[in-house]
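Student: I would like to learn how to read a few local features from a set of atoms. Could we take them one at a time?

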Amino acid sequence: MQRIETSPLTEEELSGLDAYWRAANYLSVGQIYLLANPLLTEPLAPDHLKPRLLGHWGTTPGLNLVYVHLNRIIRQRQRKLMYVVGPGHGGPAMVANSWLEGSWTEFYPNTTQDAAGMGRLFKQFSFPGGIPSHVAPEVPGSINEGGELGYSLSHAYGAAFDNPDLVVACVIGDGEAETGALATSWHSNKFLDPRGDGAVLPILHLNGYKIANPTVLARIGDEELTSLLEGYGHEPILVEGSEPAEVHQAMAAALDRCLDRIDEIQAEARSPQGLGTRPAWPMIVLRTPKGWTGPRTVDDLQVEDTWRSHQVPLSGVRTNEEHRRQLEDWLRSYRPEELFDAEGRPVPELLELAPGPELRMGSSPYANGGVLARELELPDPSEYAVAVKVPGAENAEATRVLGSYLRDVFSMNAPYRNFRVVGPDETESNRLGAIYEVTDKAWNANKLDTDENLALDGRVMEMLSEHTLQGWLEGYLLTGRHGLFSSYEAFVHIVDSMFNQHAKWLKTVNRLEWRRKIPSLNYLLTSHVWRQDHNGFSHQDPGFIDHVVNKKAEVIRVYLPPDTNTLLSTMDHCLQTKNYVNVVVAGKQPQPSWLDWESAALHCARGAGVWPWASNDQGDPDVVMACAGDVPTMETLAAVDLLREHLPDLKIRVVNVVDLMRLQDSAEHPHGLTHPQFDALFTTDKPVIFAYHGYPWLIHRLTYRRRNHENLHVRGYIEEGTTTTPFDMVVRNNLDRYHLAMDVIDRVPGLGSRALTFRQYLEDQRVRHHAYVTEYGEDMPEIREWRWGRRG
């Protein structure tokens, strides 16, 4: 691993950088420990100290070092830089530096750059009513919370895509580097176009330890680590040491080399001749002691450069006089009297080392993406609608039609380079292939003559790592652009935790006035549970919806469009929203088209409603047949068709739900129906047979407060699946038309004895079905050929 053996800093520059670093370290320690006496104007006393010591020191001095040196680069080169912090436990560092440079006071004016403001800065950290200990949304300049490790590098690349003037410095903790999500994101450089994208500068921070264990990359030796990083496509530069002056010089030299190399790569790529081959991008390996500059020993145990410095090195400062003395010595070792004046203001020499307001990292508009966001230019979705002269008479592939709409979204926004689609090798499989008429898949690795739709400037991102895809898209959205994640429904669970973190981020930013709204995170879940009959049980899981609805109502939306035109209307809406997570579930296989464009648009605007053409209740039903999802809708209407043929006097109301959150109480979700609205739709006393796309208990959970809940009977997926026919899937889960019709007979009072023969017919049909598929391997002709309203 190469080292840059130069000392680019003058004595004055070295002194200034070291002073700034000491100031950041002092402010970081103060956040963890101090409740009062921020400038140590008197000896530390127990009541100056926080009763609960929360925070993490171990990684913080290294993060401060990097921030200080990036400031130097910004000032000297006038470059636009972002700082993504993987070790989220380094929250004190980001807070300290944003306060020193003035960003914190810009967004939080009461936290002034003086003793009073410093006191507020210290008290708020990990304190009730204050801010979390991580690099949370409250921290200016942050797009990566870091509480859950693994997402920093993919976030950094997402921010760099389509931002050609931006350099994203990404610090990767060596503990974080052990996560699967981080391991796959090293390959992001194979998808970066140096002509139209910015650059990412990874900084692998090797301080050796996690909470209580050594880290793998710190213990494999330089030769193996070098081979690993070079194999990932990087040119690693080592910065190591424990003597501050030496490390400052090495870090300055390494950053100069890295920025020079980034400039060379981009200049060559953007020249007429372009790059001949994919470059090895520079990166830094920073090896410094964990807990650097903190207490070396505590209670006769080594702390600095061990796992013991990970969190709070001195834990008994309120009750242990020796610990309190060590803390005061530690704080005074930074010589705060040289760094802050008598009023607590940073001395002018420090303020001069911070970049100007337009370039400081804490004020970067890229890290507050709504500032830069531009509304998408969207085509008129009605121009892609399928004709529906008779409900259900013809089939269409909903996502294939959507693909044509998305193709033109790409075309209309090509001048702005602000829209991407990500998916794990499934864009074509999910019938969105029309997109390739106007763009390719991003690819910056070797190509063969047999490859199709691969290009350096492609705007579709495909990689078999849902973690990396999600990270890219989140970074892209957080910096103000738009996108769509297309996935098989069962495997979107891989990013359950990443969705969880993003939803929490959105919930938090909703109460931060200075955070501007960003484009929504849109999921299209297709190849869904009911049409994974060819792949089998492993591919059959609709549970992502259940996970999503656990999050705050202000953030999440779930849509189950029943056909092509409702999918078009739904996606057109989702692409216009901000600060939401929109989950859209729609099949890719041929399915009946029920609603013409005008009806579909109105139905989606309502979110739930009666389909009069399928109902005969005249305002007073005997039973309500409700459905949510494309296959449940088809089976419901097929059941209604059977009931109207065999029990023509039965009054049936068909209700379709496209916006799942309409079922929830309006007091619980902004899309929820009021109780009178719900009662009018579903009645207060009639049986409701609800065919639902996912796990049936979710519908009960959403409606448990409703007056007619005891009459609500839900059918859905009950973990019965295999490789089988499409109709056999619904039969196995009792969601089929025959079982739904039997439910009506069993639930409508007085119908059982009148419909005995009909019920027996329905049971026999299920037996016939089983025998038929077992012998012929396909569904019965009356199932395959069924159309709404075609009797017999």
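Tutor: Start with burial in one helix of this predicted model. Gly91, Pro92, Ala93, Met94, Val95, Ala96, Asn97, Ser98, Trp99, Leu100 and Glu101 are the buried residues of H3.

Student: How many of the residues of helix H3 are buried?

Tutor: Buried means under 20% relative accessible area. In H3, residues 91-101, 11 of the 11 residues are buried, so the helix is largely enclosed by the rest of the structure.

Student: What covers the buried residues of H3?

Tutor: The cover includes H1, H2, H5, strand E1 (80-85), helix H4 (103-107) and helix H12 (348-351). Just after H3 comes Gly102, with a positive phi of about 105°.

Student: H1 is part of that cover. What span does H1 reach from its first C-alpha to its last?

Tutor: H1 runs over residues 11-33, which makes 23 residues, and reaches 33 Å, close to the 33 Å expected at 1.5 Å a residue. Of those 23 residues, 19 are buried, so H1 too is largely enclosed by the rest of the structure.

Student: H2 is also in the cover. At what angle do the axes of H2 and H9 cross?

Tutor: The axes of H2 (residues 60-77) and H9 (residues 244-269) come within 10 Å and cross at roughly 50°. That angle makes H2 oblique to H9. As for the hand, the crossing of H2 and H9 is right-handed.

Student: Which residues of H2 and H9 meet?

Tutor: From H2 they are Leu65, Val66, His69, Leu70, Arg72, Ile73 and Arg77. On the H9 side they are Val247, His248, Met251, Ala252, Leu255, Asp256, Leu259, Asp260 and Asp263.

Student: Next, backbone angles. What sign of phi do most residues other than glycine have?

Tutor: Most of them have a negative phi. Ser126 has a positive value, near 50°, and is not a glycine. Ser126 sits in the loop between helix H5 (115-124) and helix H6 (152-160). Its relative accessibility is 13%, so Ser126 counts as buried.

Student: What is the phi of Arg335, and is Arg335 buried or partly exposed?

Tutor: Arg335 has a positive phi of about 55°, although it is not a glycine. Its place is the loop between helix H10 (321-332) and helix H11 (336-339). With 33% relative accessibility, Arg335 counts as partly exposed.

Student: What about cysteines: what is a disulfide?

Tutor: It is a covalent bond between the sulfur atoms of two cysteines. The cut-off used here is a pair of cysteine sulfur atoms within 2.5 Å, and by this rule the count comes to zero disulfides.

Student: Why is Cys170 not bonded to Cys258?

Tutor: The sulfur of Cys170 is 13 Å from that of Cys258, the closest cysteine sulfur, which is too far for a bond. Cys574 is likewise in no disulfide, and the nearest cysteine sulfur, in Cys604, is 9.5 Å away. Cys170 is buried at 0% relative accessible area, and Cys574 counts as buried at 1% relative accessibility.

Student: Last, a loop residue. Where does Ser364 lie, and which residues is Ser364 in contact with, leaving aside its neighbours within four places in sequence?

Tutor: Ser364 lies in the loop between H12 and strand E8 (395-396). Those neighbours aside, Ser364 is in contact with Leu81 and Met82. Ser364 is buried, with a relative accessible area of 7%. By contrast with those contacts, the C-alpha atoms of Ser364 and Leu49 are separated by 33 Å, and the two residues are 315 residues apart along the chain.

How values were computed: Residues numbered from 1 in each chain as written. Predicted model: local features only at pLDDT ≥ 70, side-chain atom pairs only at ≥ 80, totals over all residues. Heavy atoms only, no water. Buried < 20%, exposed > 50% of the residue type's maximum accessible area, 1.4 Å probe, protein only. Helix = DSSP H or I, 4+ residues; strand = E, 2+ residues; numbered from the N terminus. Expected span 1.5 Å × (residues − 1). Axes fitted to C-alpha atoms, helices over the stretch in contact; angles between N-to-C directions. Parallel < 35°, antiparallel > 145°, perpendicular 65-115°, else oblique. Left-handed = near helix turned anticlockwise from the far one by under 90°. Contact = heavy atoms within 4.5 Å.
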